[in-house]
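Good morning, colleagues. Please look at the sequence and the structure as I bring them up.

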Amino acid sequence: MTKMSSKCFNAIHLLICPLTVLLGYLINAYGYGAALQATLNKDGLVNAMFVKKGWFWTSLVGWWCIIRYRAVPGAAGRDRRHIARSFKRYAILTLWWYLFTQGIWFGVGPIMDLVFVYTGGHCHYDVFDGTGHVNKHFQGSVTRTHRALTLIQNVLTLHGQHQEHHQQQLWDRSIGSIKDALHATDASAPKNATLSAAAAINTFIHDQMHRWQGPLTTSAQCRRFGGHWAGGHDPSGHVFLATLMCMFLLGELRVFGRRALAHLYAQKWLLLRLVTRLFDTGPIWTWRRCGGGSMSCGARLWRALVEPPAACAAALLRLTQCIACDHPVVILVALLVTWLWQLLLTAVASRFHTVREHISGLLAAYIVTGVVYARDAAALRPL
Ligand SMILES: CCCCC/C=C\C/C=C\C/C=C\C/C=C\CCCC(=O)SCCNC(=O)CCNC(=O)[C@H](O)C(C)(C)COP(=O)(O)OP(=O)(O)OC[C@H]1O[C@@H](n2cnc3c(N)ncnc32)[C@H](O)[C@@H]1OP(=O)(O)O
């Protein structure tokens with residue numbers, strides 16, 4: 001890789017995450033954020049199965065690329081040193097991922113939650129507002145609100161008996177309000193509730209949930225037991241994770257990127273053939289190819305309608321196998337684009353976090369990955 005392209009890659013490695021977050025803010029500032037925010041789904045497959053488990057996918061694809069592109073003929077020593085350095089960098093980033101988002105020790109929450117708790121954050125149960133309706137900030141979506149109310153109802157029912165009189169009254173009112181909310185057909189129907197009554201019910205639910213499901217000192221526990229994690233400085237875990245994953249993938253790409261692209265270029269015609277074969281299986285195209293001969297109508301229909309999907313599936317399988325086994329850098333780049341897109345969405349989604357919480361999540365990942373790759377900059381010579 002020439003000095004120029006190496007400098008250019010360095011700049012991309014360092015700037016792409018902050019610039020993505022900045023782009024998200026600009027999209028919001030120019031009024032295009034609403035459309036993007038509408039596509040956000042906390043419980044969607046991408047967020048639940050990919051982003052939230054992103055370090056697993058990033059580890060898998062990253063390491064497969066490191067191992068697949070390692071073989072430098074006749075340079076076994078250097079090759080092993082490269083892998084050892086990659087493993088050291090990966091181990092540091094995995095440890096940092098775990099400490100910041102999963103937990104520090106048994107019974108001790110992750111750093112992002114400790115920051116939140118020590119800045120006044122708490123697992124709240126502001127279930128009802130002054131009009132007696134469910135607070136719209138309580139869970140943010142109907143499904144999550146329904147799940148939280150059902151869980152709270154189960155806990156109160158399980159532990160609610162044999163209270164002293166005043167507590168029993170609060171218990172009855174709480175269970176009654178929750179049942180109304182769960183079975184409400186018209187969410188806007190007026191209720192004869194007062195602010196103090198709603199506050200008393202919320203306090204009772206809060207105390208019961210913290211008593212029976214506590215300690216609710218991490219965002220994961222709070223979310224699991226139907227609470228609302230609010231009130232402190234909550235560094236954005238999504239911004240942290242997306243930045244960490246992008247910086248790791250780009251950092252390791254610097255080691256094997258040149259070799260991977262050279263291999264991809266060397267097999268460009270094979271890949272082009274595999275891709276075009278996906279599209280030359282259309283029924284009309286096949287029907288025309290069957291024309292002119294003595295083929296019966298049934299045979300032509302079979303050739304035009306049954307064989308193409310089978311041929312297409314076979315071609316797709318061959319292409320997937322070729323990329324997964326021989327060109328995993330394509331999957332790495334796809335993963336990188338996915339994480340950057342999710343980072344942009346998180347930056348646009350101002351309802352989840354403040355700018356400062358985004359920045360603290362970004363810096364927490366950026367500083368550690370920056371130090372790790374700056375320290376190895378001299379050794380990050382491309383293969
Ligand atoms: C040679 C040696 C090689 C070694 C390796 C070899 C091979 C590798 C192969 C396999 C790997 C094996 C081992 C590798 C080591 C480790 C593997 C990792 C395993 C995993 O990996 S197993 C994951 C376990 N752990 C969980 O499963 C819980 C995940 N959970 C979290 O860790 C947090 O969640 C986090 C950090 C993801 C986010 O933290 P956060 O919750 O604080 O997020 P934030 O505050 O920013 O967002 C506030 C609200 O906005 C929503 N939101 C924001 N942005 C959004 C967007 N763009 N789209 C939709 N919704 C969005 C959020 O969904 C959230 O809502 P809500 O939290 O209510 O869902």
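How far does a backbone N or O atom of phenylalanine 56 lie from an oxygen atom of the ligand, and what is that distance? The distance is 3.5 Å. This is a predicted model, in which local features need pLDDT of at least 70, side-chain atom pairs count only at pLDDT 80 or more, and totals for chains, interfaces and linings use all residues. Residues are numbered from 1 along each chain as its sequence is written, and side-chain values use heavy atoms, with hydrogens and water left out.

Let me continue with the ligand. In the side chain of arginine 144, an N or O atom is 2.5 Å from a ligand oxygen atom. For threonine 346, a side-chain N or O atom is 2.9 Å from a nitrogen atom of the ligand. On its own, the ligand has 1,400 Å² of accessible area (Shrake-Rupley method, 1.4 Å probe), and the protein covers 76% of that area. Two or more residues of the surrounding shell come from each of α4 (54-68), α5 (76-102), α11 (237-266) and α15 (329-348); helices here are DSSP runs of H or I with at least four residues, numbered from the N terminus. The most, six residues, come from α5.

I turn now to helix α7, residues 142-159, which has 18 residues. Among its buried residues (under 20% relative accessible area, 1.4 Å probe, protein chains only) are Arg144, Ala148 and Leu156. The buried residues fall within an arc of 165 degrees seen down the axis (taking directions from the axis to the C-beta atoms), so they line one face of α7. The face turned away from the buried side carries Thr143, Arg147 and Leu158, which are exposed, meaning over 50% relative accessible area.

Definitions and conventions: Expected span 1.5 Å × (residues − 1). Polar contact = N/O pair within 3.5 Å; in protein donor to acceptor, adjacent residues only side chain to side chain.
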